[in-house]
Amino acid sequence: MGPLLAGISVALAATSLEGMTNTAQKVAAGWAATTGTMALTWAITGRGFPFGPGDERNSASPLRALPADIGAPLFAGVLLTAAVALIAMAGTDRPHRYARPVLLGYLGLVVAALLAVVPDGRVLTFAGYLPMMIGGLPFGWPPVDYSTIFTWPLAVMVWSILGGVLIARAAVRWNRRTRRSCEECGRTPDGGGWTSAESARRWGRVAVWVAAVIPAMYAAVRIAWALGFPLGIDSGFLDEMHRTGLVWAGLGLAAFALAGSVLTLGLTQRWGEVFPRWIPFARGHRVPIRLATIPASLVSVFVLSGSVSLLTADGSEALFDRQDLAARLPMMLWPLWAVALGAAAYGYHLRRRGACPRCDEESRPAPGLVRGSRPGAY
């Protein structure tokens, strides 16, 4: 398999991307070719593969049993093939009737793997503790060895998430272009349907409430522990957490979870469109759409990968044990949280987006949260 992958890699290196008019596809193909070539070096040298039995902290990784001699060439083959697919897609706006679903289906599987299988719960844990680590760094808190946190596997996971987003964006744009809708915004001349501003206002509100309630449930459990109530756990374990200080780290996570819930609710509130008066320098100005959608989308991806990790980790069958269900129920709802938060962010985008600079189409404004305001404000 090595010579075949090497041949694909050389062919990709010799392929000119000048004919690719879509920047998104250029970047995605470059990422896939570069990362596939890196994986090929893992396969040839036998060193560098970040997952499998060689990863000392892999108990929650879906790839923990994947040996390097299989995983490295598998990564290389999948990613180099994805690069070829992206280049092939860039070369035509009128694909064969069978080519279109094959190309989109393959890249869809690659995106799912890069976003939900390659990363594990460590990415979500890192994102949750990062604000505390930054704030406590000058004071030497929390007392952790940062070399055990900033690891090679974590770096590859973050890089994989970046690649998944790039490939997804390229595939979505090509799909729009080949079905004769606007490549930039996805609008069609016959109207928006479920993507119209009015429709997004309705289903987006439901998604927002679901995405806000689940992290609030998670926070409630951790706050109860900090207050001394053994909600969903035995009192001995709670005493141990108080003795070691672990309960206060949980309280910090609860605070950020509650903050996330409040910010999620902002996706359907007036203050989610216009900065409140108490915010210096920004008061009265419109909230840029991407300021809300990018963080929400990233958290959605982190929670999705954490969900897969949680459900496939060693001992995951204990999640479905009826005993101590109150402590585990919020985490069992993480897959729903991930989907709802992604939908809430997309609904916010659809409701507020303005006229498209490419097709000059504009959604009919939904009944406004902000009277007399213009859509858009990216």
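For the class counts on this tour, Ala, Val, Leu, Ile, Met, Phe, Trp, Tyr, Cys and Pro are nonpolar, Asp, Glu, Lys and Arg are charged, and the others, Gly among them, are polar. The model on screen is predicted.

**Stop 1: the second largest cavity**

Select Trp-31, Thr-35, Trp-42, Phe-75, Leu-79, Leu-114, Val-156, Trp-159 and Ser-160. These residues line the second largest cavity. The space inside is about 50 Å³. By class, the lining has 7 nonpolar and 2 polar residues, and no charged ones. Now colour the helices α2 (23–45), α3 (68–90) and α6 (152–178). Each of them supplies at least two residues of this lining.

Keep Trp-42 and Phe-75 selected and add Phe-49 and Phe-51. The four form one aromatic cluster.

**Stop 2: helix α4**

Leu-114 of the cavity lining is also one of the buried residues of α4. Select residues 99–117 to see this helix. It has 19 residues and reaches 26 Å from its first C-alpha to its last. That is close to the 27 Å expected at 1.5 Å a residue.

Which residues of α4 are buried? Show Leu-103, Leu-107, Val-110, Val-111, Leu-114, Leu-115 and Ala-116. As you look down the helix, keep its geometry in mind. An α-helix has 3.6 residues a turn, so residues three or four places apart point the same way. Next, turn on the cover over the buried residues of α4: it includes α2, α3, α6 and α10.

**Stop 3: Thr-178**

Stay with α6 and pick Thr-178, which lies in this helix. Is Thr-178 buried or exposed? Its relative accessibility is 12%, so it counts as buried, the cut-off being under 20%. Show Thr-92, Asp-93, Pro-95 and Arg-100 as sticks. Thr-178 touches these four, leaving aside residues up to four places away in sequence.

**Stop 4: the second largest pocket**

Select Arg-169, Arg-176, Ser-297, Tyr-346 and His-349. Of the 31 residues that line the second largest pocket, these lie nearest its centre. The elements giving two or more residues to the lining are α6, α10 (289–312) and α12. α10 gives the most, with 8 residues. The pocket has a volume of about 1400 Å³. Its lining divides into 17 nonpolar, 7 polar and 7 charged residues.

**Stop 5: the largest cavity**

Follow α12 (334–352) and add α7 (197–226). Each supplies at least two residues of the lining of the largest cavity. The largest share, 5 residues, comes from α7. Select Arg-201, Arg-205, Leu-267, Thr-268 and Arg-351. They lie nearest the centre, among 12 lining residues. By class, the lining has 6 nonpolar, 3 polar and 3 charged residues. The volume is about 80 Å³. A search of the whole structure finds 2 cavities of 30 Å³ or more.

**Stop 6: an aromatic pair between α7 and α12**

The structure holds 10 aromatic pairs. For one of them, select Tyr-218 and Trp-334. Their ring centres are 6.2 Å apart and their planes stand at 50°, so the pair is tilted. Why does this pair tie together parts 116 residues apart in sequence? Because Tyr-218 lies in helix α7 and Trp-334 in helix α12. Both residues are buried.

Key. Residues numbered from 1 in each chain as written. Predicted model: local features only at pLDDT ≥ 70, side-chain atom pairs only at ≥ 80, totals over all residues. Heavy atoms only, no water. 1 Å grid on protein atoms, 1.4 Å probe; cavity = no way out; pocket = protein on both sides within 12 Å on 5 of 7 lines; lining within 4 Å. Points joined across faces, edges and corners; volume = space filled by probe spheres on them. Helix = DSSP H or I, 4+ residues; strand = E, 2+ residues; numbered from the N terminus. Phe/Tyr/Trp six-rings, centres within 6.5 Å; stacked < 30°, edge-to-face > 60°. Buried < 20%, exposed > 50% of the residue type's maximum accessible area, 1.4 Å probe, protein only. Contact = heavy atoms within 4.5 Å. Expected span 1.5 Å × (residues − 1).
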